[in-house]
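Work through the exercises below with the sequence and the structure open beside you. Try each task before you read its solution.

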Amino acid sequence: MVPAPEVSRVPTRRVACDGATAIPGGAALGHPRVYFEIDEKGFADCGYCDRRFVLIGGPADDAGAAAHPA
């Protein structure tokens with residue numbers, strides 16, 4: 001499986017993506033704002049820009065698991 005081009009770790013299950021959040025003044029460069037609900041897998045992918053939203057502490061949070069090994 002090819003990794004997502006950009007991964008954002010988020011603290012809530014409900015997230016929004018417009019494709020230009022990280023671009024200063026880049027709203028015209030993005031896509032329509034879409035909302036996602038992170039499910040039991042612990043992540044959601046944007047269908048427009050392929051950004052992956054990972055729930056902090058969720059099952060898909062590899063960064064959190066690396067910081068807190070069992």
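## Exercise 1: strand 5 and its partners

In this predicted model, Phe-43 has Val-54 as its bridge partner in strand 5. Starting from this pair, work out how strand 4 and strand 5 run relative to each other, and which order the strands of their sheet take.

Solution. Begin with a general point: strands of a sheet pair through backbone hydrogen bonds, either parallel or antiparallel.

Step 1. Beside the pair of Phe-43 and Val-54, there is a bridge between Ala-44 and Phe-53 of strand 5. Strand 4 and strand 5 are paired over 3 bridges in the antiparallel sense.

Step 2. Follow the chain from strand 4 to strand 5: the two strands form a hairpin with 6 residues between them, and Asp-50, which lies in the turn, has a positive phi of about 65°.

Step 3. Now look for the other partner of Val-54, and you will find that Arg-9 is bridged to Val-54 in strand 5. Strand 1 and strand 5 run parallel and are joined by 4 bridges.

Step 4. Put the pairs together: the result is an open sheet of 3 strands in the order 1-5-4, and its pairing is mixed. Strand 1 and strand 4 stand at the edges with a single partner strand each, so one side of each is left without a neighbour in the sheet. On average, and with direction ignored, neighbouring strands of this sheet are turned by 20° against each other.

## Exercise 2: side chains along two strands

Compare strand 2 with strand 5: which side chains point to which face, and which of them are buried?

Solution. For this exercise, a residue is called buried when its relative accessible area is under 20%.

Step 1. In strand 2 the side chains alternate, with Val-15 and Cys-17 buried on one face, while Arg-14 and Ala-16 point to the other face and are not buried.

Step 2. In strand 5, Arg-52 and Val-54 point one way and Phe-53 and Leu-55 the other way, yet all of these are buried.

Step 3. Return to strand 2 and find its partner: strand 2 and strand 3 run antiparallel and are joined by 4 bridges, with Cys-17 standing opposite Val-34 of strand 3.

## Exercise 3: salt bridges

How many salt bridges does a search of the whole structure find, and which parts of the chain does the one between Arg-51 and Glu-6 tie together?

Solution. Side chains of opposite charge can pair when their charged atoms come close.

Step 1. The search finds 5 salt bridges. One of them joins Arg-51 to Glu-6, whose closest N and O atoms are 3.4 Å apart. Because Arg-51 lies in the loop between strand 4 and strand 5 and Glu-6 in the segment before strand 1, the pair ties together parts that are 45 residues apart in sequence.

Step 2. Check the accessibility of both partners: Arg-51 is buried at 7% relative accessible area, whereas Glu-6 is partly exposed at 34%.

Step 3. Asp-45 and Arg-52 form another salt bridge, with their closest N and O atoms 2.6 Å apart. Here Asp-45 is partly exposed, with a relative accessible area of 34%, while Arg-52, at 18%, counts as buried.

Step 4. Finally, the side chains of Arg-33 and Asp-18 meet in a salt bridge at 3.4 Å from N to O. Both residues lie in the loop between strand 2 and strand 3, 15 residues apart, and Asp-18 counts as buried at 17% relative accessibility.

Methods. Residues are numbered from 1 along each chain as its sequence is written. This is a predicted model: local features need pLDDT of at least 70, side-chain atom pairs count only at pLDDT 80 or more; totals for chains, interfaces and linings use all residues. Side-chain values use heavy atoms; hydrogens and water are left out. A salt bridge is a side-chain nitrogen of Lys or Arg within 4 Å of a carboxyl oxygen of Asp or Glu. Buried means under 20% relative accessible area, exposed over 50%, partly exposed in between (1.4 Å probe, protein chains only). Two strands pair if DSSP finds at least two bridges between them. Axes are lines fitted to C-alpha atoms, for helices over the stretch in contact, and angles run from 0 to 180 degrees between N-to-C directions.
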